[in-house]
Amino acid sequence: MVDLRLCAVFYRLLFGIMGFGFLGRFFSRGSRGSMCLVGYILIFFIRNLAMILSKNQSEIDYAISLAEKAIKLEPSADAYNNLGLLFSNKKENNKAIRCFRESIRLNPGNTIALNNLSTLLLLENDYHAALDYSLSSLKINPKNYEALHNIASALLTLGRYSEAYPYFLQSSYIKPDFSIFCNLMFCLCFEADAFPTKYLEQAKRLEDYLQKQSSSYTQKAIATLADKKTLHIGFVSGD
């Protein structure tokens with residue numbers, strides 16, 4: 001396992017000592033002016049340092065500056081998506097939205113950027129735009145959980161319960177979750193033809209899901225207790 005903190009130190013030393021100006025000479029050595037392998041590797045280093053530093057909120061500004069430098073060297077869809085994530089982490093949503101849109105412009109099939117933009121637009125209460133981007137993402141990958149969930153959430157918020165229901169239903173089969181089941185059953189309350197038959201069907205699925213979750217938690221608790229006894233750590237009291 002590579003220690004991310006050591007990587008960050010290495011990258012900081014590399015660019016702190018040599019600066020970014022030295023990268024320029026690597027971009028004119030390939031055939032027909034294309035950058036050579038070393039250039040790509042160095043851009044990879046910059047991007048990785050930015051994402052490593054983004055884990056630490058105090059380093060977010062430095063991470064953003066690195067991501068912006070990476071874009072100047074290679075303005076790719078992935079680079080703009082990464083910068084958008086950094087701005088999103090800093091709660092600068094307008095800048096993040098612009099980055100995600102640029103990523104999509106460069107690569108209209110980038111479902112990651114489409115999902116990220118849709119999620120951010122939902123947070124900004126722009127439900128119609130979020131819906132459009134999620135639908136575009138779903139056309140590319142019909143089993144895209146994030147797109148399905150965002151579509152369902154947007155439709156639910158807009159009060160279009162009948163339309164939201166099938167998307168929550170698909171989401172529940174891909175990644176079962178308590179909140180999805182609750183929203184699914186809520187939407188069914190507005191379906192005269194589906195209530196109560198389908199409602200009871202989903203209620204049974206929810207019951208089965210909760211039983212499995214409860215069983216899983218119980219097994220984890222038993223395993224934890226066994227580990228504590230084996231390691232002679234014990235509880236504070238009652239062990």
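# Exercises on a predicted helical chain

Among contacts in the chain (heavy atoms within 4.5 Å) between residues at least 6 apart in sequence, 47% join residues at least 24 apart. This is a predicted model, in which local features need pLDDT of at least 70 and side-chain atom pairs count only at pLDDT 80 or more, while totals for chains, interfaces and linings use all residues. Residues are numbered from 1 along each chain as its sequence is written, and side-chain values use heavy atoms, with hydrogens and water left out.

**Exercise 1. Determine which elements make up the chain and how many of its residues are buried, as a percentage.**

Step 1. Helices (H or I, at least four residues) and strands (E, at least two) are DSSP runs, numbered from the N terminus. By this rule the chain has 11 helices and zero strands.

Step 2. Buried means under 20% relative accessible area, exposed means over 50%, and partly exposed lies in between, with a 1.4 Å probe and protein chains only. Of the 239 residues of the chain, 38% count as buried.

**Exercise 2. Find where in the chain the confidence is lowest and where it is highest.**

Step 1. The score to use is pLDDT, the predictor's confidence in each residue, from 0 to 100. The chain averages 75, and 64% of the residues score at least 70.

Step 2. Helix α1 (residues 4-18) has the lowest confidence, with a mean of 47, whereas helix α7 (residues 127-140) has the highest, at 96. Over residues 1-6 the pLDDT is below 50, and this stretch has two contacts in the model beyond near neighbours in sequence.

Step 3. For residues 12-41 the pLDDT also stays under 50, although the model has 36 contacts for them beyond four places in sequence. Where pLDDT is low, the predicted coordinates should not be read in detail.

**Exercise 3. Check the lengths of helices α3 and α4 against the expected span, and list the buried residues of each.**

Step 1. The expected span of a helix is 1.5 Å times one less than its number of residues. Helix α3 has 14 residues, and its first and last C-alpha atoms are 20 Å apart, close to the 20 Å expected.

Step 2. Helix α4 (residues 77-89) has 13 residues and should span 18 Å, which agrees with the 19 Å between its end C-alpha atoms.

Step 3. In α3 the buried residues are Ile 60, Ala 63, Ile 64, Ser 65, Leu 66, Ala 67, Ala 70 and Ile 71. In α4 they are Ala 77, Ala 79, Tyr 80, Asn 81, Asn 82, Leu 83, Gly 84, Leu 86 and Phe 87.

**Exercise 4. Trace how residues of α3 and α4 are placed in space, and what Leu 83 touches.**

Step 1. Ala 63 has 0% relative accessibility and so counts as buried; its C-alpha atom is separated by 8.8 Å from that of Leu 83, 20 residues apart along the chain.

Step 2. Ala 67, buried with a relative accessible area of 5%, is 7.3 Å from Asn 82, C-alpha to C-alpha, with their positions 15 residues apart in sequence.

Step 3. Leaving aside neighbours within four places in sequence, Leu 83 is in contact with Ile 64, Ala 67, Glu 68, Ile 71 and Cys 99.

Step 4. A nonpolar core is a set of buried Ala, Val, Leu, Ile, Met, Phe, Trp, Tyr and Cys residues joined through side-chain atoms within 4.5 Å. The largest such core has 45 residues, and those with the most contacts inside it are Leu 83 and Phe 168. Helix α8 (residues 145-157) gives the largest share of this core, eight residues.

**Exercise 5. Describe the surroundings of Ser 172, and say whether Ser 172 is buried or exposed.**

Step 1. Ser 172 is found in helix α9 (residues 161-174), and its relative accessible area is 0%, so Ser 172 is buried.

Step 2. The side chain of Ser 172 reaches the backbone oxygen of Leu 169 at 2.6 Å. Not counting residues up to four places away in sequence, Ser 172 touches Ile 180, Phe 181, Leu 184 and Arg 205.

**Exercise 6. State how many disulfides the structure holds, and examine Cys 187.**

Step 1. A disulfide is a pair of cysteine sulfur atoms within 2.5 Å, and the structure holds zero of them. Cys 187 is in no disulfide, and the nearest cysteine sulfur, that of Cys 189, is 8.8 Å away.

Step 2. Cys 187 is buried, with a relative accessible area of 0%, whereas Cys 182, at 34%, counts as partly exposed.

Key. A polar contact is a pair of N or O atoms within 3.5 Å; within protein, one must be able to donate a hydrogen and the other to accept it, and residues adjacent in sequence count only if both atoms are side-chain atoms.
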